[in-house]
Every structure is written in structure tokens, then in C-alpha cells.
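Q: I have a model open and would like to learn how to read its features one at a time. Could you walk me through it?

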Amino acid sequence: MVQTSPSADAVPSLPPGGRLLLTGAAGTLGRQLAPTLAGTGRPLRLSDLAGPLAHMPLPAGAEAMPCDLADGPAMCALMAGVQAVVHLGGIAVEGPYSPILRANIIGVYNLYEAARRQGVRRVVFASSNHVTGGYGVEDTIDPLAPPRPDGHYGASKLYGEALAQLYWQRHGIESVCLRIGTAEPLPPDRRALASWISPRDLQQLVLCALRAPDVGCLVTYGCSRNRRAWWRCDESWARLGYEPQDDAEAHVDAVGERWLPEGPQRDLQGGRFLAIGPFDD
Ligand code: NAI
Ligand code: 15L
């Protein structure tokens, strides 16, 4: 199936003015979303570690500014003149704690502190379904269900969500925390029949998270309209104006019998991450 980007006309305009910043711009989702954000017509700053950033194609008009999330003063400089941030940067998988601490915990602290100092108004935070990966695949939950991280990566995203709430309550910085499911071109396995988000749905969701009015601090899941979805998000999606177009079920034949191995990986929502670790670092 050919999937197209939502055009700038397909979603209502973002609030006028203001530069956007995309962190993690050189990563898998960053490369996908950079052209979408450039399409809004707003000034766009792209950031990542210097090495990966140097190797990514820049959309017309975008500026590149390398920055390590763990470097507080550099983060503060990165956020100067920014109105809203899409924060994708960091470690994106379960693994040893030290890199997660550096990029996801110190990094997200630096992000919100810099946002406070520089007067940034909104953060769209790429959280993860692994905040609740400890629920069973028979469970259906909504964004208010008590967290059950499936590892240190999921726990680091939960910390980011906590900062989102703190900086909304204390400093009036709005956040939309997107607990993204499996963001891939097509569902890779049986688990993803529940967790998949298609590229065009992800693009729409991020634009909605940037433009919806009065979000305060909102947490929701990022998946397509999958009939097997574990997450009930009608209310939060309606607040954002997100109307997913795809359903993983359309790919059920192509997925075939690609099951995860028996045990916690198959029984719990977090899937493969349940089989990673512990680490002795
Ligand atoms: P990725 O690993 O491809 O991209 C992450 C980017 O962050 C990389 O380009 C990396 O260089 C950068 N980064 C890492 N440490 C950094 C640091 N200290 N300073 C500055 N930049 C640093 O990951 P992907 O798949 O593009 O995911 C993007 C975001 O979305 C991540 O935060 C991930 O946790 C989240 N997410 C992704 C999902 C997916 O299915 N791809 C699902 C759920 C959440
Ligand atoms: C995530 O949070 C990861 O960043 C991504 O690599 C996938 O593993 C995804 O979750 C998932 O749960 O499929």
C-alpha cells in the first residue's frame, strides 16, 4: 500500500509563528517526520548528535544544530527562539542503564529545563508503549491505567512523562506525551497487529499534537485504528483531533504466523523488550 504524507492542507494550521525544533532528527522517525514538519511552513531546527546529523538530508529551509542531550548549557542554546519541540532524541530500546540515564533521564531533564529558561510553549514527547509494557496482551487499558514499565527504557519514558506534568503544573509548559507503539512501514509481527502505527498516522498524530489547543499535559498512545489495539484512546485522540486512517488488520495475511517466542515476550504487551536484560553495568 502506498502511504502519502498528510499535506499541509489536510490538517488545520498550527498556531501562527514560532520556530519548531525536532530532536533525534537523524533517527528513523526523525528522518520521516522532518519533511512533515518542514511542510508546515514554520522555521524548523533539526538536532541530533553531530555524527548522525551530518549525514542526514536537510529539508529545504531547515537549519541543523548538533547537540548532545546530556549537555545542559548546549541544550539551552539549542532551544533559543523555539516555540515548540518534537522530542524524539534518546535511546530508543531496552538496554544497559548508563546510556539510558544519560540520554533519556538527564537528557529529558535538560530538555525541560532549557524549555523553561527559553520560554518554549509546548513539547511533543516521544514516550513509548513500554511505559505499560508489563500489562498482558489480554488487557485493554487507557492512558490513565497505572504504569507498568517493562524495563529501564520504559521507566525512563515514565520519568519524562512525570517531568511533562511537573513543567505544566509549575511552569505552564504544555506537553503531549505520545506512547508510540510500533512505528514501522508495515506491522512486522503478530504483536504489531495491536501496536502498529503507520507512517501517515504517525505524521498526522504529531501534527495534531503540535496544533491542538489547550492540551495542558496530555498522555495518549500512538497507534493506528487497529481492531486488536490494547489501548483505548477515544477521549485523548478526540482532544487532539487525531483520526487514524489505517488498521494493522489489513496486513494480517502478510504477517502470517510471525509470533514472538512463547513466554513473557508473547504474553505481555512489551514483547521482545521483556527478554532483554538484566545488565550488570
Ligand atoms: P532512533 O534510535 O532511530 O533515533 C533516536 C535518535 O536520538 C538517534 O538519531 C540518536 O542519534 C539520537 N540520540 C541518542 N542519544 C542522543 C543524545 N545523547 N543526544 C542527542 N541525540 C541523541 O529511534 P526512533 O525509532 O527514531 O525513535 C524516536 C523516538 O521515538 C525515541 O525517543 C523512541 O524512544 C520513541 N519511540 C519510537 C518507537 C518506534 O517504533 N520507532 C516506538 C515508541 C517510541
Ligand atoms: C519502542 O519504544 C521502540 O523505540 C521501538 O524500537 C519498538 O520496539 C517499539 O517500541 C515497539 O514496542 O514495537
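A: Gladly! Let's begin with one side chain. Arg 102 has a relative accessibility of 44%, so it counts as partly exposed, because that class lies between the 20% and 50% cut-offs. Keep in mind that this is a predicted model.

Q: Which salt bridge does Arg 102 make, and with what N to O distance?

A: For a salt bridge, look for a side-chain nitrogen of Lys or Arg within 4 Å of a carboxyl oxygen of Asp or Glu. Here Arg 102 meets Asp 68, at 2.9 Å from N to O. The two belong to distant parts of the chain, 34 residues apart: Asp 68 is in the loop between β3 (63–64) and α3 (72–78), while Arg 102 is in helix α4. Asp 68 is partly exposed too, at 25% relative accessibility.

Q: How many salt bridges are there in the whole structure?

A: The search finds eleven. Another one of them pairs Arg 179 with Glu 161, whose closest N and O atoms are 2.8 Å apart. Arg 179 sits in strand β6 (residues 174–180) and Glu 161 in helix α5 (residues 152–171), so this pair ties together parts 18 residues apart in sequence.

Q: Are Arg 179 and Glu 161 buried or exposed?

A: Both Arg 179 and Glu 161 are buried. For a pair with unlike surroundings, try Arg 227 and Asp 247, which form a salt bridge with the closest N and O atoms 3.0 Å apart. Arg 227 lies in the loop between β9 (217–222) and α8 (234–240), and Asp 247 in the loop between α8 and α9 (252–255), so the bridge ties together parts that are 20 residues apart in sequence. Arg 227 is exposed at 64% relative accessibility, whereas Asp 247 is buried, with 17%.

Q: Which residues are joined into one network by salt bridges that share partners?

A: When you list pairs, check for repeated names. Arg 19, Arg 45 and Glu 63 are joined into one network in this way.

Q: How do I check the length of a helix, say α7?

A: Compare the expected span with the distance between the end C-alpha atoms. Helix α7 (residues 199–211) has 13 residues, so at 1.5 Å a residue it should span 18 Å. Its end C-alpha atoms are 19 Å apart, which agrees.

Q: Is α7 mostly covered or mostly open?

A: Count the buried residues along the helix. In α7, twelve of the 13 are buried, so the helix is mostly covered. Among them are Pro 199, Asp 201, Leu 202, Val 206, Cys 208 and Arg 211.

Q: Where would I look for a nonpolar patch on the surface, and which residues make it?

A: Look for nonpolar side chains with accessible area that sit together. Tyr 97, Leu 101 and Ile 106 make such a patch of about 220 Å². Tyr 97 is in helix α4 (residues 97–118) and is partly exposed, with a relative accessible area of 34%.

Q: Which residues surround ligand 2?

A: Start with the surroundings, then pick out the polar contacts. The residues around ligand 2 are Ala 92, Ser 128, Asn 129, His 130, Tyr 153, Gly 181, Thr 182, Arg 191 and Phe 273. A backbone N or O atom of Ala 92 is 2.5 Å from an oxygen atom of the ligand. Side-chain N or O atoms also come up to ligand oxygens: 3.0 Å for Asn 129 and 2.6 Å for Thr 182.

Q: How much of ligand 2 does the protein bury?

A: Take the ligand's exposed area alone as the reference. Ligand 2 exposes 320 Å² by itself, and the protein buries 74% of that.

Key: Residues numbered from 1 in each chain as written. Chains lettered and ligands numbered in written order. Predicted model: local features only at pLDDT ≥ 70, side-chain atom pairs only at ≥ 80, totals over all residues. Heavy atoms only, no water. Patch = residues over 30% accessible without salt bridge, like charges linked within 9 Å, V, L, I, M, F, W, Y side chains within 5 Å. Areas by Shrake-Rupley, 256 points an atom, 1.4 Å probe, with all protein chains shown as cover. Helix = DSSP H or I, 4+ residues; strand = E, 2+ residues; numbered from the N terminus. Buried < 20%, exposed > 50% of the residue type's maximum accessible area, 1.4 Å probe, protein only. Expected span 1.5 Å × (residues − 1). Near = heavy atom within 4 Å. Polar contact = N/O pair within 3.5 Å; in protein donor to acceptor, adjacent residues only side chain to side chain.
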